[in-house]
Amino acid sequence: MTRLPSHVLGAVLIGLGATLAIDLWALLLRRGFGVVSLNYCLLGRWLLHMPEGTLAHSSITAAPPKTHECPVGWSAHYLIGVSLGLVFVRIGPAEWLERPTFLPALVFGVVTVAMPWLVMQPAFGLGIAASRAPKPGQARLKSLMTHTVFGIGLYLWGLLLSPLLFR
């Protein structure tokens, strides 16, 4: 199937929506249960150290802070979500945006946990799948739940947008 402009727009919007779902989940965990989520300023710090050639840190929290790390980190967080939305619509079932189904979105969300486990956490100095974090099991579960919420967010935003984009 040819991907129409409405598919690209839909992919961008479900990526934004699913990322927003992650942020609402993090807000619920923080306010309701005192569970702290990833500080996206640290994502910005990591990215801003890259042009200097530093791709991995022994501890991202100990790395020198960078100017604008918070807006860069938050922007990157949403750009990653949009990118994942685009990838999902590209590789997922051809008609998914017209008729969203739960399982493909959930599976995709869960599979994306590989990114923090294999890229970000090691680069932040936490080891593969947060193996060097103070509480590795808790860190893994938080990552898995966050990416599960992303998958659920893809589905819910797909349900919301489908009738608007594909009448």
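In this predicted model, His77 touches Thr19, Ile22, Asp23, Tyr40 and Leu43, when residues up to four places away in sequence are not counted. His77 itself belongs to helix α3, and with a relative accessible area of 8% it is buried. One of the contacts has a polar character, since the side chain of His77 makes a polar contact with the side chain of Asp23 at 2.8 Å. Of the residues that His77 touches, Thr19, Ile22 and Asp23 have numbers that fall within helix α1, which runs over residues 5-33.

Helix α1 has 29 residues, and the distance from its first C-alpha to its last is 41 Å, which is close to the 42 Å expected at 1.5 Å a residue. Just after this helix, Gly34 takes a positive phi of about 70°.

Tyr40, already met as a contact of His77, leads on to the aromatic pairs, of which a search of the whole structure finds five. The rings of Tyr40 and Trp74 have their centres 4.8 Å apart, and because their planes stand at 65°, beyond the 60 degrees that edge-to-face requires, the pair is classed as edge-to-face. Tyr40 lies in helix α2 whereas Trp74 lies in helix α3, so the pair ties together parts that are 34 residues apart in sequence. The two partners differ in their accessibility: Tyr40 counts as buried at 9%, while Trp74, with a relative accessible area of 39%, is partly exposed. Another aromatic pair, that of Phe88 and Trp96, is likewise edge-to-face, with 4.8 Å from centre to centre and 80° between the planes. In this pair Phe88 is buried, with a relative accessible area of 3%, and Trp96 is buried with a value of 3% as well.

Helices α2 and α3 are also joined by a covalent link, for a disulfide connects Cys41 to Cys70 with an S to S distance of 1.9 Å, and a search of the whole structure finds one disulfide. The pair links distant parts of the chain, with Cys41 in helix α2 (residues 40-49) and Cys70 in helix α3 (residues 69-91), 29 residues apart. The angle about the S-S bond is 105°, and the link of Cys41 and Cys70 is right-handed. Cys41 counts as buried at 12% relative accessibility, whereas Cys70 counts as partly exposed at 33%.

Between these two helices runs a loop in which Pro65 and His68 are found. Pro65 is exposed, with a relative accessible area of 60%, and its C-alpha atom is separated by 16 Å from that of Gly53, 12 residues apart along the chain. His68 is exposed too, with a relative accessible area of 56%, and it has a positive phi of about 70° although it is not a glycine. A positive phi, here of about 60°, is found again at Ala130, which is not a glycine either. Ala130 lies in the loop between α5 and α6, but unlike the exposed His68 it is buried, with a relative accessible area of 1%.

Phe88 and Trp96 also belong to a wider arrangement, since ring pairs link Phe88, Trp96 and Phe108 into a cluster. Phe108 lies in helix α4 (residues 102-111) and is buried, with a relative accessible area of 11%. Leaving aside its neighbours within four places in sequence, Phe108 is in contact with Leu84, Val87, Phe88, Ile91, Phe150 and Leu154. The C-alpha atom of Phe108 is separated by 31 Å from that of Gly53, 55 residues apart along the chain.

Several of these residues recur in the interior. In soluble globular proteins, nonpolar side chains tend to be buried together. The largest nonpolar core of the model has 25 residues, and those with the most contacts inside it are Ile14, Trp46, Phe88, Trp96, Phe150 and Leu154. The elements that give two or more residues to this core are α1, α2, α3, α4, α5 (114-123) and α6 (136-165). Among the residues with the most contacts in the core is Trp46, which, not counting residues up to four places away in sequence, touches Thr54, Leu55, His57, Ile60, Val119, Met120, Ala123 and Phe124.

Methods. Residues are numbered from 1 along each chain as its sequence is written. Side-chain values use heavy atoms; hydrogens and water are left out. Helices (H or I, at least four residues) and strands (E, at least two) are DSSP runs, numbered from the N terminus. Buried means under 20% relative accessible area, exposed over 50%, partly exposed in between (1.4 Å probe, protein chains only). Contact means heavy atoms within 4.5 Å. A disulfide is a pair of cysteine sulfur atoms within 2.5 Å. The expected span of a helix is 1.5 Å times one less than its number of residues. Rings of Phe, Tyr and Trp (its six-membered ring) pair if their centres lie within 6.5 Å; planes under 30 degrees apart count as stacked, over 60 as edge-to-face and the rest as tilted. A nonpolar core is a set of buried Ala, Val, Leu, Ile, Met, Phe, Trp, Tyr and Cys residues joined through side-chain atoms within 4.5 Å. A polar contact is a pair of N or O atoms within 3.5 Å; within protein, one must be able to donate a hydrogen and the other to accept it, and residues adjacent in sequence count only if both atoms are side-chain atoms.
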